[in-house]
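Hi,

Here is the structure I said I would pass on. Have a look at it, and then read my notes below.

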Amino acid sequence: FVVGPICADLLLDLGFFAAFATAGALLVAAAYAGNRSLSGDMLGPGRAVVDVGAPRARSFQPAVALPGTGMLTASFLFASVVAFHPEYAEHIGIARPGTLFATYAAAVLIMRRFVGEIADRVGPLRVAIPGMAVAAAGSGVLAMSSSPLVSYIAMAFTGLGAGVTFPALTADSVRRVPDSERGSAMGSFMAFGDVGQASAGPLIGIASTAFGFRWVYGIPALAVAGGCLILIGDVARRRMR
């Protein structure tokens, strides 16, 4: 995520074929490396599979609906960063759009180093909610900024918030179900993110065409703020019980 966009920017100077051929070659190399790893013992010596019991057959886990809703709204932000940052960078006056995305990705990586330990200590939602607030604020500043420097700083804060949000919401989803149902819980949780990413592109694209390019980050800011309020309401209701 960090070096990919920068390399893509450089490769695009040679043409689209160079960029996509390089990406394809890297995928072939990754598939080869993965296939080589299958030849060994996947569990390793002395490891055993733990029987956690027979799971209940269900295609959707209602227990993950609230963190899933947070994931859906946060996915609007990720989809916007991925799909629209070149258009945004062009309007702001950033010559290399890949550097803007690299700023986001580097901030995400920095937070991923610390978020797991913090979430285990204080609870996933106590980490996810501030993360969503920071991401929404960063996206809001991106929507209003006309300065490349301010946009880089705002994108860094957006990445810091996103880097906290996704793993914390994932952890909260897993802890809501028994061990035997973690697979279906993760499938349900990730489906919320898939819906968010699938719907974000068309909605944001239509809005930015009709009302201006700033809405490519204005809409995600409002969506993430709304998801944050939903999670705050859930925490408040549980405290009142």
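What follows is a run through the salt bridges, the nonpolar core, and the pockets and cavity. Keep in mind as you read that this is a predicted model.

**Salt bridges**

Searching the whole structure turns up five salt bridges. The part I would start with is a network of them that links Asp172, Arg175, Arg176 and Asp234.

Take Arg176 to begin with. One of its partners is Asp172, with the closest N and O atoms 2.8 Å apart. Arg176 also meets Asp234 in a salt bridge, at 3.4 Å from N to O. Which parts of the chain does that second pair tie together? Arg176 sits in the loop between helix H6 (148-175) and helix H7 (182-211), while Asp234 belongs to helix H8 (residues 215-240), so the pair joins parts that are 58 residues apart in sequence.

Are the members of these pairs buried or exposed? Arg176 is partly exposed, with a relative accessible area of 26%. Its two acidic partners are both on the other side of the 20% cut-off for buried: Asp172 has a relative accessible area of 0%, and Asp234 has 6%.

Asp172 deserves a second look. This residue is found in helix H6, and, leaving aside neighbours within four places in sequence, Asp172 is in contact with Pro67, Pro124 and Leu125.

Another of the salt bridges pairs Asp179 with Arg182, the closest N and O atoms being 2.9 Å apart. Here both ends are partly exposed: Asp179 has a relative accessibility of 45%, and Arg182 has 40%.

**The nonpolar core**

The largest nonpolar core holds 48 residues, and the ones with the most contacts inside it are Val81, Tyr88, Tyr104, Met155, Leu169 and Tyr217. At least two residues of this core come from each of H3, H4, helix H5 (124-144), H6, H7 and H8. H3 has the largest share of this core, with ten residues.

If you want one residue to click on, try Tyr217. Not counting residues up to four places away in sequence, Tyr217 touches Ser80, Val81, His85, Tyr88, Ser139, Leu142, Ala143 and Met155. Val81, Tyr88 and Met155 are on that contact list, and they are also among the core residues with the most contacts.

**Pockets**

The largest pocket has a volume of about 670 Å³. Its lining is made up of 22 residues, and the closest to the pocket centre are Gly4, Pro5, Ala8, Asp9 and Phe101. Which helices build this lining? Helix H1 (3-12), helix H2 (16-38), helix H3 (65-92) and helix H4 (97-122) each put in at least two residues. H1 gives the most, with eight residues. By class, the lining of the largest pocket has 17 nonpolar, four polar and one charged residues.

The second largest pocket has about 180 Å³ of space. Its lining consists of Phe1, Met71, Ser75, Phe78, Tyr104, Val108, Arg112, Phe166, Met190, Gly193, Asp194 and Gln197. H3, H4 and H7 are the elements that give two or more residues to this lining, and H7 gives the most, with four residues. The residues divide into seven nonpolar, three polar and two charged. Tyr104 turns up in this lining and also among the core residues with the most contacts.

**The cavity**

How many cavities of 30 Å³ or more does a search of the whole structure find? It finds one, and about 40 Å³ of space lies in it. Its lining residues are Ala74, Leu77, Met132, Ala135, Ala162, Thr165, Phe166 and Val224. Two or more of them come from each of H3, H5 and H6, with H6 supplying the largest share, three residues. By class, this lining has seven nonpolar, one polar and no charged residues. Phe166 is a residue to select here, as it lines the cavity and the second largest pocket too.

Cheers

Definitions and conventions. Residues numbered from 1 in each chain as written. Predicted model: local features only at pLDDT ≥ 70, side-chain atom pairs only at ≥ 80, totals over all residues. Heavy atoms only, no water. Salt bridge = Lys/Arg side-chain N within 4 Å of Asp/Glu carboxyl O. Buried < 20%, exposed > 50% of the residue type's maximum accessible area, 1.4 Å probe, protein only. 1 Å grid on protein atoms, 1.4 Å probe; cavity = no way out; pocket = protein on both sides within 12 Å on 5 of 7 lines; lining within 4 Å. Points joined across faces, edges and corners; volume = space filled by probe spheres on them. Nonpolar A, V, L, I, M, F, W, Y, C, P; charged D, E, K, R; others polar. Core = buried A, V, L, I, M, F, W, Y, C linked by side-chain atoms within 4.5 Å. Contact = heavy atoms within 4.5 Å.
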